[in-house]
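Work through the following exercises with the sequence and the model at hand. Each task is followed by a stepwise solution.

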Amino acid sequence: MDSICQSLAEIVGESHVSNRPEELYVYSRDLGTAEPHLPQYVVSPRTTEEVQQVVKLANREKIPVVPLGGGLTLAGLVMPLKGGIVLDMKRMDSILEVNERARYVLVEAGVSQGKLVAYLDRHHPNLVHSEPGAPGQATVAGNVAIHGQGDLAQPYGFNSDMVNGLEVVLPTGEVCRIGSCSLGQQWFTQHPLPDLGLFLGWCGTTGIITKVSLRLFPRKRIRDMGVFVLEDGDLVPDILYRISHTEMAGDLIAWSQELPVTVSGLHNISIFISGDSEEEMELKRKLIRVGILGEYIRSGTGGLIGLSANVRPRLPRRPPVSTIQDIKKGGGFEYVGAIMPVDTYPECCRRGADISARHDIAYTLLGRVIGRSHAMMFSWSYVFNRADEDSVREAREALYESDDLALELGGIPWKPGVYGQRAVMERMDPNTLSLMKKVKELLDPNGIMNPGNWEVS
Ligand SMILES: Cc1cc2nc3c(=O)[nH]c(=O)nc-3n(C[C@H](O)[C@H](O)[C@H](O)COP(=O)(O)OP(=O)(O)OC[C@H]3O[C@@H](n4cnc5c(N)ncnc54)[C@H](O)[C@@H]3O)c2cc1C
């Protein structure tokens with residue numbers, strides 16, 4: 001052990017720090033196309049105080065610190081681009097409080113989506129959070145740190161909009177609380193205090209989130225889903241607008257994919273509804289099916305596929321985004337997600353299919369409505385064979401082109417990797433960029449936090 005490793009071991013315990021090559025190897029890569037980068041140390045803290053001490057040490061020694069949750073963005077955001085410490089937050093996995101009446105949950109940063117779902121199912125069956133379609137190991141903090149969205153995005157917006165309060169270790173080691181928790185024990189709101197939105201969307205470059213209070217929502221007893229299928233993608237924005245106007249749907253996702261060939265060229269709108277009684281469900285079904293889709297069905301524009309009675313009770317809470325991919329031999333998959341105006345759906349699809357064709361990858365395109373059609377998260381997904389360099393390169397180029405396309409169409413790449421971040425910053429208003437730089441320098445004077453990301457030169 002070198003002296004830094006020794007000091008880290010004194011903070012978190014010897015079994016929770018490593019500089020062994022085989023462990024560094026694991027932390028040097030994520031599941032996407034980004035090139036691997038080796039860290040020098042991997043540290044797994046259990047408490048806020050331990051995080052604080054690690055950060056103070058790193059700040060003093062000017063060692064980069066990369067906070068890691070599930071490492072599932074696929075975009076290389078937890079890659080230690082400049083080496084240093086990967087701070088694996090997964091041991092901070094306690095669910096600290098559920099306030100049933102005020103509908104919020106307070107968790108430590110490393111609590112996974114899967115754990116939170118299971119906990120609420122068992123102990124608070126009337127409550128749900130907005131669960132992203134990511135694998136269950138993804139963490140609550142990692143998701144809000146990138147402005148993620150879940151299955152309640154259509155009614156309620158981004159998951160980061162659902163944050164009531166944060167505890168954060170600043171890059172210089174101070175612990176700071178944001179929201180009502182800064183005044184007392186209640187974690188129920190960030191309003192009406194001055195906006196300190198310095199930690200969400202910054203991808204761990206301004207501090208380490210150690211606790212998150214997240215809004216919960218009523219869980220409905222019955223769920224159902226229908227898929228409206230049509231050929232004319234130009235009609236999709238209007239249909240989404242009209243369905244969201246009814247305020248009857250939960251998740252609302254439009255998608256189109258090349259494989260299997262039987263669905264190629266079609267556009268599908270998955271409409272999730274939920275309710276507490278059959279009467280409520282029937283009313284919602286009717287308002288959407290008859291009130292909105294009826295005229296399209298009568299004119300032969302499209303058709304509605306419902307779930308069979310034996311599948312309905314087993315309907316997963318979230319759309320199986322990850323299971324509709326045509327995963328190639330070699331198992332690689334990465335997507336550019338971008339926050340886009342819903343009206344751009346047809347162009348996103350047309351141009352996305354062109355990009356896929358140029359790189360010989362079957363297209364998979366998907367737009368999830370956020371808010372009442374206020375925006376959508378549009379994803380261009382690309383599969384590749386990890387064992388084949390040419391296949392990885394094709395996917396990487398397709399991803400870069402998709403970042404550029406998102407910006408060209410007036411959107412913003414979401415959780416962009418380094419290429420996308422640079423493309424965003426090149427186009428950003430210089431005064432806004434300069435403000436970002438000042439904020440970053442103020443909070444992180446030694447530039448130790450996840451360096452290489454959101455780096456304003
Ligand atoms: C198949 C698939 C489907 C997906 N579907 C969705 C979806 O529907 N919705 C969605 O939002 N996302 C989705 N994702 C993307 C991503 O997996 C999720 O957003 C996930 O919640 C990210 O959390 P994580 O713990 O893996 O974050 P990580 O990848 O570990 O971290 C993300 C970023 O946050 C930083 N970070 C992590 N922890 C902290 C912390 N404690 N403090 C400060 N910074 C921190 C990291 O440094 C990094 O920059 C999907 C991914 C896959 C693979």
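**Exercise 1.** Which ligand atom lies 3.1 Å from a polar side-chain atom of Tyr 335?

Solution. The model is predicted, so local features need pLDDT of at least 70 and side-chain atom pairs count only at pLDDT 80 or more, while totals for chains, interfaces and linings use all residues. Residues are numbered from 1 along each chain as its sequence is written, and side-chain values use heavy atoms, with hydrogens and water left out.

Step 1. The partner of the Tyr 335 side chain is a nitrogen atom of the ligand; a polar contact is a pair of N or O atoms within 3.5 Å.

Step 2. Backbone N or O atoms also take part: one of Gly 71 lies 2.8 Å from a ligand oxygen atom, and one of Gly 133 lies 2.7 Å from a ligand oxygen atom.

Step 3. In total, 37 residues surround the ligand (a heavy atom within 4 Å). The closest are Pro 67, Gly 69, Gly 70, Gly 133 and Thr 139.

**Exercise 2.** Describe how helix 10 packs against helix 11.

Solution. Step 1. Locate the elements: helix 10 covers residues 389-408 and helix 11 covers residues 418-427. Helices are DSSP runs (H or I, at least four residues) and strands likewise (E, at least two), numbered from the N terminus.

Step 2. The angle is about 25° and the axes are 9 Å apart. Axes are lines fitted to C-alpha atoms, for helices over the stretch in contact, and angles run from 0 to 180 degrees between N-to-C directions.

Step 3. The two helices are therefore roughly parallel (angles under 35 degrees; over 145 is roughly antiparallel).

Step 4. Heavy atoms within 4.5 Å define contact. Helix 10 contributes Tyr 400, Asp 403, Asp 404 and Leu 407, and helix 11 contributes Tyr 419, Gly 420, Ala 423, Val 424 and Arg 427.

**Exercise 3.** How is helix 9 oriented relative to helix 10?

Solution. Step 1. Helix 9 (residues 345-358) meets helix 10 at an angle of about 160°, with axes 10 Å apart.

Step 2. That makes helix 9 roughly antiparallel to helix 10.

Step 3. On the helix 9 side the contact uses Arg 351, Gly 352, Ile 355 and Arg 358; residues of helix 10 in it include Glu 394, Glu 401 and Glu 408.

**Exercise 4.** Where do Pro 192 and Pro 260 lie?

Solution. Step 1. Pro 192 is in the loop between strand 9 (175-179) and strand 10 (208-215), and a cis peptide bond joins His 191 to Pro 192, with omega about 5°.

Step 2. Pro 260 is in the loop between strand 13 (252-257) and strand 14 (267-275); the Leu 259 to Pro 260 peptide bond is cis, with omega about -5°.

Terms used
Angles under 35 degrees count as roughly parallel, over 145 as roughly antiparallel, 65 to 115 as roughly perpendicular and the rest as oblique. A polar contact is a pair of N or O atoms within 3.5 Å; within protein, one must be able to donate a hydrogen and the other to accept it, and residues adjacent in sequence count only if both atoms are side-chain atoms.
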